[in-house]
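This report introduces a protein model to a reader who has not met it before. Please look over the sequence and the structure shown here before reading on.

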Amino acid sequence: MESSEALSARISEHAAKLAQFYDGITRCDVLVEIPHRHKTAGRLFHVRVHLHLKGADLIVSRDPGIEDTHEDPYLAVRDAFVTARRQVQNVVERLRGEVKLHEAEAEAAQAT
């Protein structure tokens with residue numbers, strides 16, 4: 001799809017909020033596309049957010065489903081960044097050691 005200044009500004013806002021949540025984000029690439037035209041659902045948007053973190057990379061992909069409301073690119077972007085925030089939160093918890101390890105993982109961690 002063609003670039004839109006308003007959509008680019010909204011993406012920048014979401015990325016800035018994500019950066020405030022976790023300052024270890026070094027880069028954020030966002031792709032918004034229309035994969036195909038669906039006869040009954042209209043134009044559905046696909047959003048992919050690729051986050052480069054200190055120590056990890058995350059790729060969040062929001063594909064339009066049959067019942068999704070991704071006919072609006074702003075909603076599709078919002079949903080992708082909500083998912084990205086949850087995944088960043090999971091990575092941060094793991095890095096801080098706040099996530100309980102399963103028995104096998106804990107034994108492997110103690111062995112090293």
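The account below treats the sheet, the helices, one histidine and the aromatic rings in turn.

**The sheet.** The model is predicted, not determined by experiment. Three strands form an open sheet in the order β1-β4-β5, and their pairing is antiparallel. The edges are taken by β1 (25-33) and β5 (56-62); each has a single partner strand, so one side of each is left without a neighbour in the sheet. On average, neighbouring strands of this sheet are turned by 10° against each other, direction ignored.

Strand β4, which covers residues 46-53, pairs with β5 through seven bridges in the antiparallel sense. Within this pairing, Leu51 stands opposite Leu58 of β5. The two strands β4 and β5 form a hairpin, with two residues between them. In the turn, Gly55 has a positive phi of about 95°.

**The helices.** Two helices are described here by their place relative to the sheet. Helix α1 lies across β1 and β4, while helix α2 packs on the sheet and touches β1, β4 and β5. Their residue ranges and directions are set out in the table.

| Helix | Strands | Angle |
|---|---|---|
| α1 (residues 5-21) | β1 and β4 | about 145° to β1 |
| α2 (residues 73-96) | β1, β4 and β5 | about 150° with β5 |

**His52.** Where in the fold is His52 placed, and is His52 buried or exposed? His52 belongs to strand β4. Its relative accessibility is 17%, and because buried means under 20%, His52 counts as buried.

The side chain of His52 takes part in polar contacts with two acidic side chains. One is with the side chain of Asp29, at 3.4 Å. Another, of 3.4 Å, joins the side chains of His52 and Asp57. Leaving aside residues up to four places away in sequence, His52 touches Gly24, Ile25, Thr26, Arg27, Asp29 and Asp57. Asp29 and Asp57 therefore appear both among the residues touched and as polar partners.

**Aromatic rings.** How many aromatic pairs does a search of the whole structure find? The search finds zero. A ring does, however, take part in a contact with a charge: the charged end of Arg85 sits over the ring of Phe21, 4.2 Å from the centre of that ring.

Technical notes. Residues numbered from 1 in each chain as written. Predicted model: local features only at pLDDT ≥ 70, side-chain atom pairs only at ≥ 80, totals over all residues. Heavy atoms only, no water. Phe/Tyr/Trp six-rings, centres within 6.5 Å; stacked < 30°, edge-to-face > 60°. Lys NZ or Arg CZ within 6 Å of the ring centre and 35° of its normal. Pairing = 2+ DSSP bridges. Helix = DSSP H or I, 4+ residues; strand = E, 2+ residues; numbered from the N terminus. Axes fitted to C-alpha atoms, helices over the stretch in contact; angles between N-to-C directions. Contact = heavy atoms within 4.5 Å. Buried < 20%, exposed > 50% of the residue type's maximum accessible area, 1.4 Å probe, protein only. Polar contact = N/O pair within 3.5 Å; in protein donor to acceptor, adjacent residues only side chain to side chain.
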